[in-house]
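Here is a quick walk through a protein chain, written for someone who likes to check each point against the coordinates. Keep the viewer open and follow along.

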Amino acid sequence: MSAPVKIQGYISFPRQKLSDKEKTDYWYKKNMDFAEHLLTSDVNLRSNFKNKKTNYNLRANIINTKDFEKFINPDNLDLESLPASFQHIGIENTKINLLLGEYSQRRKEFKAYISSNDSEAIGRKETGLMDELKKITTEMIMSTSLTDEEIQKRLKQFEHYRKYEYQDIAEIVANKILKKEYKEGDFDFTFLRTFEDLLTSGEEIMYCGVLGGNPVMRRVNPMNLYTMGGNSMYIEDADIIVEYGYKSIGQVIDDYWDTLTPADIDFLENGKVDASLGTGGGIGLNRDISVYDYYGEQGAMNIFHPNEMGTRTFAGAFDTYGNVRVLKVCWRSRRKIGELTYFDEEGQEQKDYVPEDYRPRKELGETVKWIWVNEWMEGTKIADHIYTLLRPVPYASKSLVNKSKGTPPYVGSVNSTNDYKVQSLMDVMKPLAYSYDIAYYKRELEIATYKGSFTAINSSLIPSGWDPKEWMRYVTINKFAWLDPTNEILKGPSQGKSAGAFNQLTAQQIQMGDPNAIGMYTNLLLDIENTLGKLAGVSGAREGQVQERAAVSNVNQEVTQISH
C-alpha cells in the first residue's frame, strides 16, 4: 500500500483522548476492526511480507524456479525434459547453522538485583551486610592465632562476598523464580529461534504477557506481526501492534478459558456463525488461508486474497484443518491522571498521582494538576465476531520518571540503519546464493550431457547379420571388433563396391561435452563460496576447514578476527 493510505488510516483511527467511561466495549471493537487493515501495509522500515516469505523459503531450501527462467532457460525449453533439475542448494544455510550453533554454546547468565529506587530493600540489605561484617570482625578479634596476612585475606574474601555473592531475601526469591521459569519455559531454545529470525528476516520479536492465568513468553513469527507508527528499530516504540495467526480450537480454549462464554465455545466447536451476523455455514466452506503467489515482471509477490467468508483483509475465520484465526492487537491510548500536591503529617509538601475521578480535598490544601499520558490497551478477536480481553495491558512496566512511557506485551528489534529498510544476513547472502544455484545447475547440465570421447566407425565394415549388442559385447569384453571389408556398400556414390575396396579403416575420435566447462563452473562455485564466507563473516577456518599447511597461530588469528 502507498503512504497516503497509511495517513488516511491514522485519520480513521478512533479517538484515544477519552475518559474511562467512554472507553466501552464498542470503542475497543472499533480499534481492533481498524487494526485489521494493517495486514496489507508494508510502508515502514520493516521488511515486507514478500521478502520475509522468500527468506524463510530459502531457509527451508525452497526456491521458485519461475523467478530464474531467464537465467537458466533463455531458449524457453521444456525444463522437465532436461537431464538436470534446478534446485536451491542452500549454501548460505551452512553459515546460519554455524552461527546458531555458536550462539547455543554461549553461557547465558542472568541475576536479579534490588533496584536503586527501592530504598526500603536497599536499607534491609545494608543492615544484613553490616551484621555479617560485625560477625566476621568479632571472630577475628576473639581469635589470637590470626596473623595480619590472614586478617587481610579474610577481609578481601568478605569484600568479594559483599559484591558478588551476598543476596537479600527478595533477590534470592527472584532468582529462584527466574531460574524456574527459564527452565520450564525452555528459554534457551526460544532465544535460539529468535536469533534465527534475526539472521533470516532481520527481526526478532517476543511476546511477554499473561494468558489463561499463566505468564507467557514466546517467540513471534515476524511474518505474522504488523506495526504502525514511527520508524524506530524497536517494536515497542510503535503506536499499533497487530499479530494474527491460526490456532487449534484446543489451544484457543486453553489460552482464553476464563473469558470465553459457552456460546463462544459452541461456535468454535461447530463452526457456526452467530445468527445476528446473517450468515452461516460449516468449517470447510471456503475458509482456507488464501495467500497466493503472483509471478509478474518483478518476480513472486505474495498477496492476501479475501473471500466471501472473511473480512476485507483476512482470508477466513477457519482454515481447512479447523484451526481458528486469532487476532491480537495492542495500541497506545490516552489516560487522564492527576499530579496531586499535598502536605504530610510533618507539614512537608509531597506529590503523588491520582486517577481521573479523584476529588481533591481543598480544605487540606490539596491541589491537582491534570495531565494526559499514554496507556497501552489490548484486545483479542477470535474468528469473525468473538472479542475478548478488552482492557488496559495488565502488568505493563511503567517508568518511575516518565509516567507516559510504558512497555507493551510485544518487544523486539529490527536490523535497520538510519531508518533504511531492514537487511538481514540472509538478504546479504541471497544474491550470491542465487548465483551459486544457477552455476550449480549449469554444471549439473554439463555433467549430464558429457559423454567423453568415442570412436565413430564406418557401419558398412560391421559384418552383416550381426546383432549390434553382440558386436558391442566383443568391443567391451574382448577389446576388439570384427570388421568385414568385403561387405557391399549399400548407399552413396560408392554403392555396390566392397567396404574394403579403399584398403583403409576410416574411424574418427569424437568428443561429446566440454570437460573444461565443468572445471570452469566448479571454480566459479568455489569462488562464490569463498566470497559468501567473507560477506557472512564465516570463512572456511571458522567452519573447521583447515589446510595441512596452515599454522595453528594463523588459524586462531583468522577465527578471532572473523568473530570480531
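## Salt bridges first

Asp 20, Arg 335 and Glu 375 are tied together in a network of salt bridges. Before going on, bear in mind that this is a predicted model. Across the whole structure, a search turns up 20 salt bridges. As general background, side chains of opposite charge can pair when their charged atoms come close.

Three individual pairs are worth pulling up, and here they are with their N to O distances.

| Salt bridge | N to O distance |
|---|---|
| Glu 171 and Lys 125 | 3.1 Å |
| Lys 247 and Asp 255 | 3.7 Å |
| Glu 378 and Arg 391 | 2.7 Å |

Let's start with the pair in the top row, where the side chains of Glu 171 and Lys 125 meet at 3.1 Å. This bridge connects distant parts of the chain, with Glu 171 sitting in helix α8 (residues 169-184) and Lys 125 in helix α6 (residues 119-142), 46 residues apart. Is Glu 171 buried or exposed? Glu 171 has a relative accessible area of 3%, so it counts as buried. Lys 125 is buried as well, at 17%, and the cut-off to keep in mind for that label is under 20%.

Next comes Lys 247 with Asp 255, whose closest N and O atoms lie 3.7 Å apart. Lys 247 has a relative accessible area of 16% and is therefore buried. Asp 255 comes out at 15% relative accessibility, which also makes it buried.

The third pair brings together the side chains of Glu 378 and Arg 391, at 2.7 Å from N to O. Here the link runs between strands: Glu 378 belongs to β9 (residues 367-382) and Arg 391 to β10 (residues 386-392), and the two are 13 residues apart. What about the cover on each partner? Glu 378 is buried, because its relative accessibility is just 5%. Arg 391, at 26%, counts as partly exposed.

## A three-stranded sheet

Now for some strands. Which order do the strands take in the open sheet of three? Reading across, the order is β2-β1-β11, and the pairing is antiparallel. β2 (214-219) and β11 (410-414) are the edge strands, each pairing on one side only. From one strand to the next, the twist averages 10°.

Take a look at the pairing of β1 (residues 203-211) with β11, which is antiparallel and runs over five bridges. Ile 205 stands opposite Gly 412 of β11. Tyr 207, in turn, has Tyr 410 in β11 as its bridge partner. Edge strand or not, β11 is mostly covered, with four of its five residues buried.

## Where α5 meets α12

Over to the helices. In general terms, two packed helices are described by the angle between their axes and the distance between the axes. For helix α5 (residues 91-104) and helix α12 (residues 425-449), the axes come within 8 Å and cross at roughly 145°. On the α5 side, the contact is made by Ile 91, Glu 92, Asn 93, Lys 95, Ile 96 and Leu 99, while α12 brings Leu 425, Met 426, Met 429, Ala 433 and Tyr 436. Sorted by class, that contact holds eight nonpolar residues, one polar and two charged.

Another residue to click on in helix α12 is Val 428. Its C-alpha atom is 9.8 Å from that of Glu 92, although the two are 336 residues apart along the chain. Which residues does Val 428 touch, leaving aside those up to four places away in sequence? Val 428 touches Gln 423 and Leu 535. With 28% relative accessibility, Val 428 counts as partly exposed.

## The chain overall

Zooming out, the protein chain has 15 helices and 13 strands. Of its 564 residues, 35% are buried. The chain exposes about 34,200 Å², and carbon and sulfur atoms supply 52% of that. Looking at contacts with a separation of 6 or more, 68% are between residues 24 or more positions apart.

Technical notes:
Residues are numbered from 1 along each chain as its sequence is written. This is a predicted model: local features need pLDDT of at least 70, side-chain atom pairs count only at pLDDT 80 or more; totals for chains, interfaces and linings use all residues. Side-chain values use heavy atoms; hydrogens and water are left out. Axes are lines fitted to C-alpha atoms, for helices over the stretch in contact, and angles run from 0 to 180 degrees between N-to-C directions. Contact means heavy atoms within 4.5 Å. Ala, Val, Leu, Ile, Met, Phe, Trp, Tyr, Cys and Pro count as nonpolar, Asp, Glu, Lys and Arg as charged, and the others, Gly among them, as polar. Two strands pair if DSSP finds at least two bridges between them. Buried means under 20% relative accessible area, exposed over 50%, partly exposed in between (1.4 Å probe, protein chains only). Accessible areas come from the Shrake-Rupley method with a 1.4 Å probe; for residues, only the protein chains shown count as cover. A salt bridge is a side-chain nitrogen of Lys or Arg within 4 Å of a carboxyl oxygen of Asp or Glu.
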